[in-house]
Amino acid sequence: MYVTILNTRFIYILLLVAATLTTACSVERNNPLSKAYHNTTAHYNGYFLANEKMAAIEKSLQEQMVYDYNLMLPVYPAIDSNTYKAFESDLEDVVKKASFPIQYHKNSKWIDDSYLLVGKARYYQLNFTEAAQTFKYINTNSTDRHTRHEALVWLMRCFMQEKEWDNAWAVSDVLRKERLNKDNARELYLARAQYHLHQGDTAALMENLALSVPNFEERDDQSRVRFSLGRLYQFTSQDKEAFKQYNRILKRNPPYDLAFFSRLYLGQVTELSNTHDKDRIAGYYRKMLKDSKNTEYRDKIYYEMALFELRQQNYDKAMDLLQQSLKENGTLQNQKAYSYQLAGEIYFENLGKFTLAQAYYDSAVQVLPQQAPGYAQVVERKDVLTDFVTQYNTIQTQDSLQRLAKLSDSERMAYLHLVVQQEEEQRLQELARQQERQQNDDMRASSPVNSNRNNTAFASNTTTASGVWYYDNPAAMATARSEFVRRWGNRPLQDNWRLQNRGNNEEPAPAIAQATATEAPAEDTEARQEAQVQTYLKNIPLTTLAMQQSEKLIEDALFNLGKIYSQKLNDSKQAADTYAQLLKRYPNSEHAPEVNYSLYLIYEKLDDAQKQTYYTQLKQKYPNTIYAKLVDDPAYMSQNAEENVKAHQLYDSAYGLYEQRKYEQASALLKQLQSHYPHNDISDKAAFLGVMITARTEKPQALREQLNRFKSGYPRSPLIDKANQLLATYSDLEQKNLLRKDAPSAAAATDQEAQLSQAKANLDMAATAVASTENRAVPQPKQQQEKKPEAASPAVTISETPKAVTTPETVNPVEVKQEAPAKPATPPTAAKEDAKQQEVATQQAEARQAAQVEQQTNAAITQAKPEDLVVTDSELAPRDASADSLQYSTDQDSIYYYVIAYPSNSPAFKDMREKYEKYNNTYYKNQNLTVEAIRYERDKVILVTRAFNNFKIAQDYNIKQKGPLAPVGRIRGVDFTTFVISSANYKIFLRKQDLKDYLNFFRTNY
């Protein structure tokens, strides 16, 4: 009985516990037991597993990073489509596990943390929009401030990935007012560092990295941030601070790569106060070279040794070490590019050997990735040096060819044969060296010692740095196979393959091929040498014309070389020497005015008394050039812009009066133009318009004198061909005694104009009569009317109506049966048509006679045929009469545009429209700007960004395009123009199609 009662109580207790647990499982309950159950289940069944997997993903991302230790290390691991695909299944698993507490344990305290994991997974899935929405939800609904802070930091990272920099900084400002724990403070400082890195603010970047350091728990993560700080301090010449950072890294037992590079850079930032310090650091580098663990870093060690020697100005020793660095096959990213670049810098900045510098910069561009920092600057310098080498080689080559041209024929041929023979000997020596190297490689590869070494090396390197087995790495396998084929050929897979001869169908071994090349028949060698001699002979300037062309090449190359020295290489001394050489060798050069002005500026900057010499030459020899004006007034160009605009307006008015035959008024405007604006840029066009007025109003002798004055005053004008044509026509008419004796009177001119009008009217009447006749029925040709058909001939199918003529009658041209009469008769209608044709022919003859009279009379007035004297091309006439009648206005407008004009074939402006659309969406998203590309000229494009509400905003946008973040902010070496224009002026601009005209207006008024 007692046992029964105990069993019953035990059962009741079990039922009570079960009921309690069942009640606790309900998400609707809020009692302590329910909370404990849901918190425990949510934490360990969902959140814990998702969090562990997320931690593994982030650790793997960090370990897979390939660092470029020449630069600061990235703040965050790079994420892209490749990383997303690699972790796609893991990230989906994180979302699935993190969603479990959200769905089944809604009253748990781990809901916010689970949402946070979902947001991170969306971030790594590159779904930044959904990730941002998740983080915003957490910030709005979470009661845990630390969770909200962490969500805001990740929201800031999402905005930065989307290039929404303003929103990112707004989040940073919100967090600035909050009190954060160590983890969130660390992540906030890193996020701000990433922000300032993209903004190019190095000082703020270093400040935030330094603030993040004390908040790290993981020492390796802290060491990476310290390394970045050390590099930044080193880049900004704060060597003491950099020394502290590298030293602290080494004290915390960092990973080997961090320790190696920290020790390496200590030598760069150590103060070299005495010889002992120098010897100590040099010995330290030698010790690192001997360490077998540093084999893969030998190229970097040699590079740092070169920098160490460069600090001591031992340039030759630095170059030797860089050569050693380039010979090593290290594994560091971009190291060869940095070695090439440093060699180019030494030759460029320290040794002044620009030809060698160009070769190294060219090699650096070939191996440096386009996304690498400083790539644009390397390309820019390479382009400058390439231009320099082109001009320099032109001078050297043409001088050598001219020296050969001055030799006798026998001496020239003997010299060329000697040169070709030396080239052949060098070729054979190079082939022999290649053969010897190949044989040595084969011997080393087949030796037992080397085979054992290779096997040992292979056994110790069957896995890559990322832990992937060698045979699972396609890149490593492809590299090994290409090396094997290069050395041994494409051999079949078989035993004792080293002892087997390769098949007859395969290519010969490199050594055999080279040996065959060295044993070429003597006849082929002689023929090749003789062909090379003939090639050299073709380039030698043996005629007067060829020598003049050679001299012109040298003259232009010297001028361009001087500009490169002065404007791009900032070498005033070499620029002055090159310009002086140009003036000495070509005193009458077309570049002489500009060269004298450039020399004046160089010596003025150096405060050298020689500037007076070139000032005097400009004022005496070239007083009418723009350079003579500039030495007295450096602001001449900008001040003259407004005068040019007014001069163009006067010229256009004068030309309009000339077309209306109001010659006196046109001449008066030309005199006003010359007296009020003597320094205009269309003086040749104005002078030639005066010539045309003289042809219409003065004696023939006056025209000849004015044409000769024009030719002597404007020898390089594009209208010089027109002047020569008029002089030739004048001489021809003079020989034929067709020139009039006196100046034409106004009445004569009026009579001739009346005759001209009448002649044109007669021509029009004749044309009208012909047209009306052709629209009538066409009579049968005479030979067809007189043709008699044969007796037995059947009816023939003909079509007598010409295809080009339509007849008013409805006639079937396919089938017309004709019976020939015994004697053809002319119908009355045809007789009338013949009479009308005779009348038309008479009118045409009269019109031709009137036209001849017109030409002869006009020639007597203007000394030439009208088509020879009337200049109708765009060089003399205004560009567009309707457009030029419109003037740009300075009135305020409601809409303004930003415009870029650039060459259409420039690689620097590739995809420029897409770049500006992305730029506008990032920095001016609220402006709703649109971008349109328009073909402006044959080789030029204009890019229009519209629309701005007022000029100030548009001009501010224009100014910001000079910054590094703008699409055109870092473009160098390409001629392009940016400006702001109102919508009204833009319409005029499109009609005028004159960029220079608007730029003059823009600079004058804005």
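This tour of a predicted model visits two helix pairs and a polar contact between two buried side chains.

**Stop 1: helices α7 and α8**

Select residues 145–161, which form helix α7, and residues 165–176, which form helix α8. The two axes come within 8 Å and cross at roughly 160°. Angles over 145 degrees count as roughly antiparallel, and α7 and α8 are therefore roughly antiparallel to each other. The crossing of this pair is left-handed.

Now show the side chains where the two helices meet. On α7, pick H149, L152, V153, L155, M156, F159 and M160; on α8, pick W165, N167, A168, V171, S172, V174 and L175. Coloured by residue class, the contact of α7 with α8 shows eleven nonpolar residues, three polar and no charged.

**Stop 2: D684**

Go next to helix α32, residues 683–697, and select D684 within it. Is D684 buried or exposed? Its relative accessibility is 13%, and the cut-off for buried is under 20%, so D684 counts as buried.

Display what surrounds D684. Beyond its neighbours within four places in sequence, D684 is in contact with F710, Y714, S717, P718 and L719. For L719, 35 residues from D684 along the chain, the C-alpha to C-alpha separation is 7.7 Å. Draw a distance between the side chains of D684 and S717: a polar contact of 2.7 Å joins them.

**Stop 3: S717**

Centre on S717, in the loop between α33 (700–713) and α34 (720–735). With 7% relative accessibility, S717 counts as buried. Leaving out residues up to four places away in sequence, S717 touches D684 and F710. F710 is also among the contacts of D684.

**Stop 4: helices α33 and α34**

Widen the selection to the helices on either side of that loop, α33 and α34. Which way do they run relative to each other? Their axes come within 10 Å and cross at roughly 150°, which makes α33 roughly antiparallel to α34. The crossing of α33 and α34 is left-handed.

To see the contact, show P700, Q701, L703, R704, L707, N708, F710 and K711 on α33, then I720, A723, N724, L726, L727, Y730, S731 and E734 on α34. By class, the residues of this contact divide into nine nonpolar, four polar and three charged. F710 belongs to this set and also touches S717. To finish, set the two helix pairs side by side: the contact of α7 with α8 has no charged residues, whereas that of α33 with α34 has three.

Definitions and conventions
Residues numbered from 1 in each chain as written. Predicted model: local features only at pLDDT ≥ 70, side-chain atom pairs only at ≥ 80, totals over all residues. Heavy atoms only, no water. Helix = DSSP H or I, 4+ residues; strand = E, 2+ residues; numbered from the N terminus. Buried < 20%, exposed > 50% of the residue type's maximum accessible area, 1.4 Å probe, protein only. Contact = heavy atoms within 4.5 Å. Polar contact = N/O pair within 3.5 Å; in protein donor to acceptor, adjacent residues only side chain to side chain. Axes fitted to C-alpha atoms, helices over the stretch in contact; angles between N-to-C directions. Parallel < 35°, antiparallel > 145°, perpendicular 65-115°, else oblique. Left-handed = near helix turned anticlockwise from the far one by under 90°. Nonpolar A, V, L, I, M, F, W, Y, C, P; charged D, E, K, R; others polar.
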